[in-house]
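Ready to explore a new structure by working through it piece by piece? Each exercise below gives you a task and then walks you through a solution.

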Amino acid sequence: GVPATDPVRFDRRTPLASTTPSVMPDDATLEGSNNWVLAPSRTATGRPILANDPHRAYGAPSLRYIVHLNAPGLDVIGAGEPALPGVSIGHNGKVAFGLTIFSIDQEDLYVYQTNPANPNQYRYGAGWENFRIVREKVEVRGRPASIVELRFTRHGPVIYQNAGKRLALAVRTAWNAPGMAPYFGSIDYMKAQDFTQFRRAMRRWGAPTENQVYADTSGNIGWVTGGLAPVRPNWDGLLPVPGDGRYEWKGFLDGAQLPYAYNPKQGWFASANEMNLPAGYPYQEHKLGFEWPDNARARRIAQVLASTPKATMEDMERLQNDVVSLNARRLVALLKPLSPPDRDTQAALRLLSSWDGEETAASAAAALYEVWWSRHLGNAFKAAVLAPDLAGAMDAPHASVLLESLEQPASRFGADAVRKRDAVLLDSLAAAWADMASLQGSDPQRWQWGKLHFSMFVHPMAPILDGAGRARVNVGPLPRAGGPHTVNVSSYHADNFWQIHGASFRMVLDVGDWDNSRAINTPGQSGNPASPHYRDLAASWAEGKYFPLLYSPAAVEKATEQVIHLMPAK
């Protein structure tokens with residue numbers, strides 16, 4: 001393989017600044033974020049450390065905005081949603097907090113029978129109920145305005161209607177509940193002074209559904225979940241249900257009934273979107289959710305934290321930028337006993353068998369593995385275990401299902417399961433080797449993951465600009481390490497390896513010695529392409545670097561480069 005220290009120069013001649021790839025990533029890899037918190041007994045500082053790197057789809061300008069809000073009764077610093085007030089990830093000088101997604105199922109799909117005598121009505125109870133119809137005028141350039149008709153049931157917006165089959169579908173979601181105000185709950189919890197106040201604020205949190213990790217200057221740490229959880233008295237929410245009144249939400253679960261932890265015995269807590277409901281939690285009774293992302297990131301974070309008895313701030317920075325794939329290690333373990341007959345597959349097996357699963361940008365093995373994983377292995381698995389029509393209609397298999405099926409072939413492959421499983425592994429690996437040869441040449445010594453895999457921060461206006469205009473507003477391309485299942489998440493389009501999801505903002509807080517905290521944003525803090533701060537953080541972010549997240553007035557004043565005074569007009 002190629003040494004990890006070799007420089008990677010991304011030389012794509014046609015950066016895909018304004019195209020839409022045809023192969024979208026697996027949805028499960030787009031549900032991300034990592035956070036963890038360590039008690040004083042687990043840190044070198046003797047103070048809690050809290051780390052958070054929320055994951056989002058990438059774009060320009062930055063999707064997070066770092067702010068320090070200082071006013072009477074308020075002194076909070078961190079990041080939030082650019083369009084919303086408040087700080088959802090950060091600290092207030094006493095309490096620190098950071099979020100990931102917690103997979104409460106907040107939606108239901110309702111199916112309605114429409115009235116054969118009146119298509120503007122749907123069955124509800126023993127009678128017919130009128131759709132609420134809203135007509136919107138949409139201006140169209142060069143043509144008369146178009147009138148769009150929007151239909152709603154008592155449950156929510158109609159997303160599909162088939163007059164011939166007398167059928168309508170509508171979505172009910174907690175996001176449309178009165179007073180929901182997504183993310184606005186941070187206005188409440190960012191002022192909390194202890195765990196009781198923080199948990200009370202999270203009890204009223206609506207969306208998105210979250211794991212919040214917590215730490216305070218008294219040395220306490222914790223975990224609090226939040227989100228409106230519909231109470232489904234007679235179904236679980238996994239399948240569509242009739243909208244005729246037999247399947248109605250019975251309000252929402254009291255937020256105090258959601259799981260939490262305070263000063264856990266192990267001295268740390270972490271979440272990475274995995275299924276983390278505690279043992280004994282009334283899972284079936286509350287039916288919070290049944291669909292969770294793969295747990296590889298959570299397992300890797302736990303592996304590192306458990307083996308780091310006195311963690312430093314630098315240790316936590318490295319963990320946020322960790323590109324070890326435990327899923328890759330599981331697959332390599334399945335390959336090692338195999339003996340392929342052809343030379344190319346033998347070479348592929350040697351390359352992967354000597355690899356430790358670390359997906360650096362300079363790694364040849366990482367390039368082969370990701371091409372194998374995203375383009376070939378899943379398709380070969382589907383073809384082996386599903387009927388052709390189902391295999392073609394189904395998206396990429398969930399990573400956990402794929403790996404567990406390969407590790408326990410009798411559960412999926414039927415008769416002669418091991419031979420069929422081995423054929424899927426070797427045939428798809430051979431296809432990946434040939435694919436890599438076409439992408440980067442026949443010499444694997446020249447293969448590098450970072451020459452395939454890149455970040456490109458695209459401005460919404462880029463598609464209508466000329467080349468020079470796109471260059472001013474877009475940022476990149478930048479070679480990337482990692483993959484969809486590494487702690488440093490790097491999910492990508494499988495047809496061109498364009499990273500479109502991962503950590504944009506990273507934060508590591510030294511709780512109590514706040515000026516020793518660190519953060520990074522990307523591609524820059526400014527939304528103005530003419531500003532030097534529009535793209536100046538992108539290179540540091542890509543290299544895993546941070547800047548000091550200064551908090552005290554003295555430290556802030558010493559580092560200040562510019563002050564802007566806003567004065568009321570006379």
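**Exercise 1. Find the partners of strand β1.**

Task: Start at Trp 36; which residue stands opposite Trp 36 in β2, and which strands pair with β1?

Solution. Keep in mind that you are looking at a predicted model.

Step 1. Opposite Trp 36, in β2, you find Ala 51. This pair belongs to an antiparallel pairing of β1 with β2 (residues 49-57), made of six bridges.

Step 2. Now look for Asn 35: its bridge partner in β18 is Ser 271. Strand β18 covers residues 268-271 and runs antiparallel to β1, with four bridges joining the two.

Step 3. Check how covered β1 (residues 33-38) is: six of its six residues are buried. Ser 33, Asn 35 and Val 37 point one way, while Asn 34, Trp 36 and Leu 38 point the other way.

Step 4. Helix α4 (residues 296-306) belongs in this picture too. Its buried residues pack against β1, β2 and β18, and also against α5 (313-320) and α6. Among these buried residues are Ala 298, Ile 301, Val 304 and Leu 305.

**Exercise 2. Trace the open sheet.**

Task: In what order do the seven strands of the open sheet follow one another, and which strands stand at the edges?

Solution.

Step 1. Walk across the sheet and you meet β3-β4-β5-β6-β14-β15-β17, paired in the antiparallel sense.

Step 2. The edges belong to β3 (65-71) and β17; each has a single partner strand, so one side of each has no neighbour in the sheet.

Step 3. From one strand to the next, the twist averages 15 degrees.

Step 4. Zoom in on one pair: β6 and β14 run antiparallel and are joined by seven bridges. One place to look is Ala 96, whose bridge partner in β14 is Ala 215.

**Exercise 3. Place helix α2 on the sheet.**

Task: Which strands of the sheet does α2 touch, and which residues of α2 are buried?

Solution.

Step 1. Helix α2 packs on the sheet, where it touches β6, β14, β15 and β17; the direction of α2 makes about 15 degrees with that of β15.

Step 2. Within α2 (residues 195-202), the buried residues are Phe 195, Phe 198, Ala 201 and Met 202. They span an arc of only 125 degrees around the axis, which means they lie on the same side of α2.

Step 3. Here a general rule helps: an α-helix has 3.6 residues a turn, so residues three or four places apart point the same way.

Step 4. The cover over the buried residues of α2 includes α1 (186-189) as well as β6 (95-101), β14 (210-216), β15 (221-226) and β17 (260-262).

Step 5. Finally, visit the start of α2. There, a side-chain oxygen of Asp 194 comes to within 3.2 Å of the backbone nitrogen of Thr 196.

**Exercise 4. Look around Gln 212.**

Task: Is Gln 212 buried or exposed, and with which side chain does Gln 212 make a polar contact of 2.8 Å?

Solution.

Step 1. Locate Gln 212 in strand β14.

Step 2. Its relative accessibility is 0%, so Gln 212 counts as buried.

Step 3. The polar contact of 2.8 Å joins the side chain of Gln 212 to that of Tyr 189.

Step 4. Beyond its neighbours within four places in sequence, Gln 212 is in contact with residues including Asn 35, Phe 97, Phe 198, Met 202 and Trp 223.

**Exercise 5. Explore the largest nonpolar core.**

Task: Which element gives the most residues to the largest nonpolar core, and what does Leu 377 touch?

Solution.

Step 1. This core has 41 residues; among those touching the most other members are Leu 331, Trp 372 and Leu 377.

Step 2. Elements giving two or more residues to this core include α6 (326-335), α7 (343-353) and α11 (417-440). The most come from α8, with 11 residues.

Step 3. Setting aside residues up to four places away in sequence, Leu 377 touches Leu 331, Trp 372, Leu 402, Leu 406, Val 424, Leu 425 and Ser 428.

Step 4. There is also a second, separate core of 38 residues, including Phe 97, Phe 269, Leu 509 and Tyr 551.

**Exercise 6. Connect Arg 330 to Glu 407.**

Task: How many residues apart in sequence are Arg 330 and Glu 407, and how far apart in space?

Solution.

Step 1. Find Arg 330 in helix α6.

Step 2. Arg 330 and Glu 407 are 77 residues apart in sequence, and their C-alpha atoms are 8.4 Å apart in space.

Step 3. Their side chains are joined by a polar contact of 2.7 Å.

Notes:
Residues are numbered from 1 along each chain as its sequence is written. This is a predicted model: local features need pLDDT of at least 70, side-chain atom pairs count only at pLDDT 80 or more; totals for chains, interfaces and linings use all residues. Side-chain values use heavy atoms; hydrogens and water are left out. A nonpolar core is a set of buried Ala, Val, Leu, Ile, Met, Phe, Trp, Tyr and Cys residues joined through side-chain atoms within 4.5 Å. Buried means under 20% relative accessible area, exposed over 50%, partly exposed in between (1.4 Å probe, protein chains only). Contact means heavy atoms within 4.5 Å. The arc is that of the directions from the helix axis to the C-beta atoms. A polar contact is a pair of N or O atoms within 3.5 Å; within protein, one must be able to donate a hydrogen and the other to accept it, and residues adjacent in sequence count only if both atoms are side-chain atoms. Two strands pair if DSSP finds at least two bridges between them. Axes are lines fitted to C-alpha atoms, for helices over the stretch in contact, and angles run from 0 to 180 degrees between N-to-C directions.
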